[in-house]
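Subject: Structure handover

Hello,

Here is the structure I promised you. Please open it alongside this note; what I found follows below.

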There are 2 protein chains.
Amino acid sequence: MKAEIIAVGSELLLGQITNTNARFISAKLAEVGIDVYCHTVVGDNPKRLSQTIQLAQQRADILIFSGGLGPTKDDLTKQTIARELDCELVTDDEAMKTIEDYFTHVGKVMTENNKQQALVLKGATVLPNRNGMAPGIAIGKEDKQYILLPGPPHEMEPMFEHEAIPYLLGVYGKHDVISSKVLKLQGIGESELEVRIQSVLEKQTNPTIAPLASPGMVKLRITAKAKTEEEAQKLILPVEQEIRSIVGEFIYGVDEDTLASKTTELLLQNDWTISAAESLTTGMFMAELGSEAGIGNALKGGVVVYNKEMKIEQLGILPSLLDYHGIVSGECAEAMAESVRERFTTTFGVSLTGAAGPEPHDGQPPGTVWIGIAAEGMKTASYKLQLSSSRNSNRKRSVQFALHYLIQTIKEKKELKY
Amino acid sequence: MKAEIIAVGSELLLGQITNTNARFISAKLAEVGIDVYCHTVVGDNPKRLSQTIQLAQQRADILIFSGGLGPTKDDLTKQTIARELDCELVTDDEAMKTIEDYFTHVGKVMTENNKQQALVLKGATVLPNRNGMAPGIAIGKEDKQYILLPGPPHEMEPMFEHEAIPYLLGVYGKHDVISSKVLKLQGIGESELEVRIQSVLEKQTNPTIAPLASPGMVKLRITAKAKTEEEAQKLILPVEQEIRSIVGEFIYGVDEDTLASKTTELLLQNDWTISAAESLTTGMFMAELGSEAGIGNALKGGVVVYNKEMKIEQLGILPSLLDYHGIVSGECAEAMAESVRERFTTTFGVSLTGAAGPEPHDGQPPGTVWIGIAAEGMKTASYKLQLSSSRNSNRKRSVQFALHYLIQTIKEKKELKY
């Protein structure tokens, strides 16, 4: 089975929003073994949408559309597909009730154009919308399946997962599964990685192996096709083990692992706690850790101290230290880390101070960042980064580096323990 | 001139990464008046890439490719295009020097496969890569222009903006400009908005007007086409004014404005300062404000207090208050806001406390959130939100609501001032 994903919306072609729907739909189809051969984006233009449908009919078995089901004049997906399939549009009573209920609930008067949202292709399966008004539509015509989904991701995603996927599995029955495992590496480049694992790459057929680079990180995707998820995993395992035997030292996690999730895991395993003192990152480090459910037992809290006075008042950093070494210095970072660790009585104290950019800060060029790490029973350390002049990229990368150094420190402390 | 954007990469079709490149390229092309008719994504498969190229040649004047220029075996974009255009691949000396210099700089040995990155189409314009090794390529053949760009966004974006756009302007000369202005609204639904501005929508030709909905917010995009940017702005202005005269009360900003940027602007205009005490959001509120350059004069800092003990120790919240009302309560939120405002001596103190989810917290269901706002010379207020059970969506939405209530409070305080 081959699927093609067609997103409809001029705002996509004007570059005003990103097509995240294609990614979500593709990932869910991969899980049930349906190959995606193509993503297409077309504007709110019936003629060009018709051409796209005719082309997709030639190369795909399943056509999945997102966008253009709303109440406004430029929402034309249903109308165009109805014309292409020579199919009538009829009002779905349940969808109409959902729309009317919504307006009653919020106490507003329903405008006439909202009724358009209750129109569906005659004979179609209606996919209820749990987070919005326009229902989805699924219909089979001449060996092809057509799935119409709303554009907003928070409406489309649950509908696709809970309504469209079961519909497709019902039509086609179970078949091959495509399963992937992603290894995440730090401290090695893409090309060096490829050379090191050349012997593994050369014999790849099933599973296949693909390196992917992103700033400061490399991923290796191992993808297997098999009758069941279990068999796919069995094919992936020996390949993963072989790769680990060659470059295992650089692998910090798999799949959805992040530096924050690994940090949380290590802290909770050891019953250790953490606090942070943040300057240029104004809370991003703690926010990143806080995204992990369960971190509450490890992250006690911390302070954001943006200017010099706050560093003195809130953390008791000596004015003489700041005058002599500057705010952007290893000495300041170490003092901040030690002070926050003491004030919040935690195992680890992490600090970030620097010139986020775009302007220099306290005499230091933008992108100069110091990370301090204080740990119970260990010598306090600081690390210097020299990043770019882009404020928000510097702030994000500083947080990732702080997590990286923290993981190293946690591992060192673990070794000291035994 | 019509452009088609073709992204190459199986990882896109497997749903492992999002095609953000198409958005970036589209937005930049719109700025110089080049229409984008289609986005396409194909896998790392020479045959399907060839078919995509042949199809795009029929409908577009400019073919823009991203991805598949790297050193690994599945990087086949250049080779496939060379075959389609019947064009030789030759080594570019400057690109080779950049690659060699990189390896010298990082002190690593260059592996043989990296040389592939220096191959370019014979006779092409080489687009230097400021953030990576593989150069871009621009070449004209039989009335069509072909632009090849690397896949990683941090390499592609500066290359497209600083090298490819000037190249295209050189080839085609100046022509019509497409310019957009986006109005951002809060507190009104998409369909009600459309009904209210019906009279403006009905007469639209140039500029055109499109409503766009996203969670908790509606945008209106006004797009004009003209000879110059200035003329386009002149067409947009009266339409914007007419819309403002109807629904102006709901418009909180335009284009890239965010609630954080509006908050920053209002604080700086009045020389007012702010601090925050965060529980469930663990620093996200301060991180959001901190993304604005210049916020240093307004954001003094704050605390993250994740558990009950920290709220007592760091903010001096009375244990009896927490025992009686609970951590997730308006009383706790107000006490936190007042305490942090006092400790950091700021004009405003904002607090967030709640059950982020997925588990209940202190007896409250996930998604129950209280926001507290203390302001100099005003009565402290608290606001309750009832959100979903999704931890990270709750955290993000809480921050947006806190900014929304803060903006209302700043405006009230401004009125009191006069």
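Start with B:Thr282, in the loop between strand E13 (274-278) and helix H11 (284-290) of chain B. Bear in mind that this is a predicted model. The phi of B:Thr282 is near 35 degrees, a positive value in a residue other than glycine. Is B:Thr282 buried or exposed? Its relative accessible area is 0%, so B:Thr282 is buried.

Now compare a threonine in chain A. A:Thr345 has a positive phi too, about 40 degrees, although it is not a glycine. The loop that holds A:Thr345 runs between helix H14 (330-343) and E15 of chain A. Here the relative accessible area is 54%, and A:Thr345 is exposed. So one of these threonines, B:Thr282, is buried, whereas A:Thr345 is exposed.

Two further positive phi values are in chain B. B:Asp86 sits just after H4(B) and takes a positive phi of about 55 degrees. Helix H4 itself covers residues 77-85 of chain B. Its buried residues are B:Thr77, B:Lys78, B:Thr80, B:Ile81, B:Ala82 and B:Leu85. The other value belongs to B:Gly377, with a phi of about 75 degrees. B:Gly377 lies in the turn of a hairpin formed by E16(B) and E17(B), with five residues between the strands. Strand E16 (residues 368-375) and strand E17 (residues 381-386) of chain B pair in the antiparallel sense, over six bridges. Within that pairing, B:Trp370 stands opposite B:Lys384 in E17(B).

Next, the cis peptide bonds in chain A. One runs from A:Asn206 to A:Pro207, with omega near 5 degrees. A:Pro207 is in the loop between helix H8 (198-202) and strand E10 (208-214) of chain A. Another cis bond joins A:Gly357 and A:Pro358, where omega is about 0 degrees. A:Pro358 belongs to the loop between strand E15 (348-354) and strand E16 (368-375) of chain A.

While you are in chain A, look at A:Asn394. This residue is part of helix H15 (residues 391-417) of chain A. With a relative accessibility of 0%, A:Asn394 counts as buried. In sequence, A:Asn394 and A:Val369 are 25 residues apart. In space, their C-alpha atoms are 8.6 Å apart.

Then go back to chain B and find strand E3 (residues 62-66). Why can E3(B) be called largely enclosed by the rest of the structure? Because five of its five residues are buried. Both faces are covered. On one side are B:Ile62, B:Ile64 and B:Ser66. On the other are B:Leu63 and B:Phe65.

E3(B) also has strand partners. Strand E1 (residues 2-8) of chain B pairs with E3(B) in the parallel sense, over five bridges. There, B:Ile6 has B:Phe65 as its bridge partner. Strand E8 (residues 144-149) of chain B pairs with E3(B) as well, again in the parallel sense and over five bridges. In that pairing B:Ile62 stands opposite B:Gln145 in E8(B).

On to the two chains together. A turn of 180 degrees, with a shift of 0.0 Å along the axis, lays chain A on chain B with an RMSD of 0.1 Å. That is the relation of a two-fold axis. How do the copies meet? Of the interface residues of chain A, 100% are also interface residues in chain B, so the copies meet through the same surface.

Last, the cavities. The structure holds five of 30 Å³ or more. The largest has about 110 Å³ of space. Its lining counts 17 residues. Those nearest its centre are A:Asn19, A:Val41, B:Asn19, B:Ala22 and B:Val41. Which elements give two or more residues to this lining? They are helix H2 (20-31) and strand E2 (35-42) of chain A, and helix H2 (20-31) and strand E2 (35-42) of chain B. E2(B) gives the most, with three residues. By class, the lining of the largest cavity has eight nonpolar, seven polar and two charged residues.

Over to you.

Best wishes

Technical notes
Residues are numbered from 1 along each chain as its sequence is written. Chains are lettered from A and ligands numbered from 1 in the order in which they are written. This is a predicted model: local features need pLDDT of at least 70, side-chain atom pairs count only at pLDDT 80 or more; totals for chains, interfaces and linings use all residues. Side-chain values use heavy atoms; hydrogens and water are left out. Copies are superposed by least squares on the C-alpha atoms of residues with pLDDT of at least 70 in both. Contact means heavy atoms within 4.5 Å. On a 1 Å grid over the protein atoms alone, a cavity is a set of points where a 1.4 Å probe fits but cannot get out, and a pocket is an open set with protein on both sides within 12 Å along at least five of seven lines; lining residues have an atom within 4 Å of a point. Grid points are joined across faces, edges and corners, and a volume is the space filled by probe spheres set on the points. Helices (H or I, at least four residues) and strands (E, at least two) are DSSP runs, numbered from the N terminus. Ala, Val, Leu, Ile, Met, Phe, Trp, Tyr, Cys and Pro count as nonpolar, Asp, Glu, Lys and Arg as charged, and the others, Gly among them, as polar. Buried means under 20% relative accessible area, exposed over 50%, partly exposed in between (1.4 Å probe, protein chains only). Two strands pair if DSSP finds at least two bridges between them.
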